[in-house]
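Biologist: Could we go through this structure together? I would like to start with one charged side chain and then look around.

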Amino acid sequence: MDELTGWTAEDTEDVVCCLCRVPGTLVHDVAPFGVVRCPQCQLVFTSPRLRPEALQRIYDDAGYFEGGVYGSAVSTGAEAPSAEARLSPAMLLQRTWTAGRLALVDRERGGAAAGGRLLEVGAGYGLFLAAAREAGWTTSGVELSRTGAKHAQDTLGLDVFCGQLEEAPLIPGFDVVCAWDTVEHVPDPLSFWRTVRTQVADDGVVLFSTPYVSSLPARLLGTRWWTLKPTEHIWHFTPRTHALLLARAGLALTRVVRNPLAPANAGRLDSLVGVARPIPGP
Ligand SMILES: [Zn+2]
């Protein structure tokens, strides 16, 4: 599906920088959308972008995760993926990330045994959350896509709330909050990280992954960068702008993994894994 077809200016809205509250200046014209950069903090974002109702239609599409990193293994809602699906490159990559990210969680927790409460925001079909549960975590999830949330709940038996993080009935004090490839999709990343800050324990840790617009593919390919996706990826960060954003939300960016050979970030030339911790209060 060509994601740019079918949308008109009526499906879009103008937005301002979530940090500085000013309009951006045009970087890429991908009509009816625009990719813009904040003249004050350099944060890159999509404006005009799809209105929330139009965006929800994309996420509710049963095919949303299909053909992406999830391969076809979960698209049918089958109990057990076929051997072919389990061994597909996309699924193998997915499993490498999951194992690498769980290992990173352990490392960030000082090698303490798994156990405690882990929240995943943007849980998709629940594959990471199921692996975390197997590793000994008490898991909770939030997922905007009804298709994804339903699979996580019904097929994997996970506790996943379908909706935005702000609306989720969660008990704060999570030891770990994960948000894999999620923050680039949310309406307001500052509000998102502030809500995460209210959910993570003061001695907890936040782990996330996100594409970054200062990566080599992004800089070399311009509008042909495969991750630009102006309908879904409505915010584009660099390590610097992300650190700025997190700090405004009370979180300190303490580690950035950009190496595509690191299991947590395997094969990803244009994405990074970040670790953040609550900034101690006064
Ligand atoms: Zn700004």
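Modeller: Certainly; please keep in mind that this is a predicted model. Let us begin with Arg268, which counts as buried at 10% relative accessibility, because buried means under 20% relative accessible area.

Biologist: Which residue does Arg268 meet in a salt bridge?

Modeller: Arg268 meets Asp181, with 2.8 Å from N to O. The pair links distant parts of the chain, 87 residues apart: Arg268 lies in the loop between β12 and β13, and Asp181 in the loop between β9 and α6. Asp181 is partly exposed, with a relative accessible area of 24%.

Biologist: How many salt bridges are there by this rule?

Modeller: The count comes to seven. One of the pairs is Arg255 with Glu108, where the closest N and O atoms are 2.6 Å apart. Here too the pair links distant parts of the chain, with Arg255 in strand β12, Glu108 in helix α3 and their positions 147 residues apart.

Biologist: And is Glu108 buried or exposed?

Modeller: Glu108 is buried, at 12% relative accessible area, while Arg255 is partly exposed at 28%. Glu108 and Arg255 also belong to a network of salt bridges that includes Arg277.

Biologist: What about Glu13, which residue is its salt-bridge partner?

Modeller: That partner is Arg49, and the closest N and O atoms of the two are 3.5 Å apart. Glu13 sits in strand β1 and Arg49 in strand β5, 36 residues apart. Glu13 counts as partly exposed at 21%, whereas Arg49 counts as buried at 8%.

Biologist: Changing topic: which residues hold the zinc ion as donors?

Modeller: The protein donors are the SG atoms of Cys17, Cys20, Cys38 and Cys41, lying 2.3 to 2.4 Å from the zinc ion. Their spacing in sequence is C-x2-C-x17-C-x2-C.

Biologist: What geometry does the site have?

Modeller: The site is tetrahedral, with angles of 105 to 117 degrees among the four donor atoms. Of these donors, Cys17 is buried at 0% relative accessibility, and Cys38 is buried with 1%.

Biologist: Finally, the whole protein: what is its secondary structure?

Modeller: The protein has eight helices and 13 strands. Of its 282 residues, 51% are buried. Among contacts between residues at least 6 apart in sequence, 64% join residues at least 24 apart.

Biologist: And what about the accessible surface of the protein?

Modeller: The accessible surface comes to about 12500 Å², and 55% of that belongs to carbon and sulfur atoms.

How values were computed. Residues numbered from 1 in each chain as written. Predicted model: local features only at pLDDT ≥ 70, side-chain atom pairs only at ≥ 80, totals over all residues. Heavy atoms only, no water. Helix = DSSP H or I, 4+ residues; strand = E, 2+ residues; numbered from the N terminus. Buried < 20%, exposed > 50% of the residue type's maximum accessible area, 1.4 Å probe, protein only. Contact = heavy atoms within 4.5 Å. Areas by Shrake-Rupley, 256 points an atom, 1.4 Å probe, with all protein chains shown as cover. Donors = N, O, S within 2.8 Å, 3.2 Å for Na, K, Ca; no water. Tetrahedral: all angles 85-135°; square planar, octahedral: opposite > 155°, others 65-115°. Salt bridge = Lys/Arg side-chain N within 4 Å of Asp/Glu carboxyl O.
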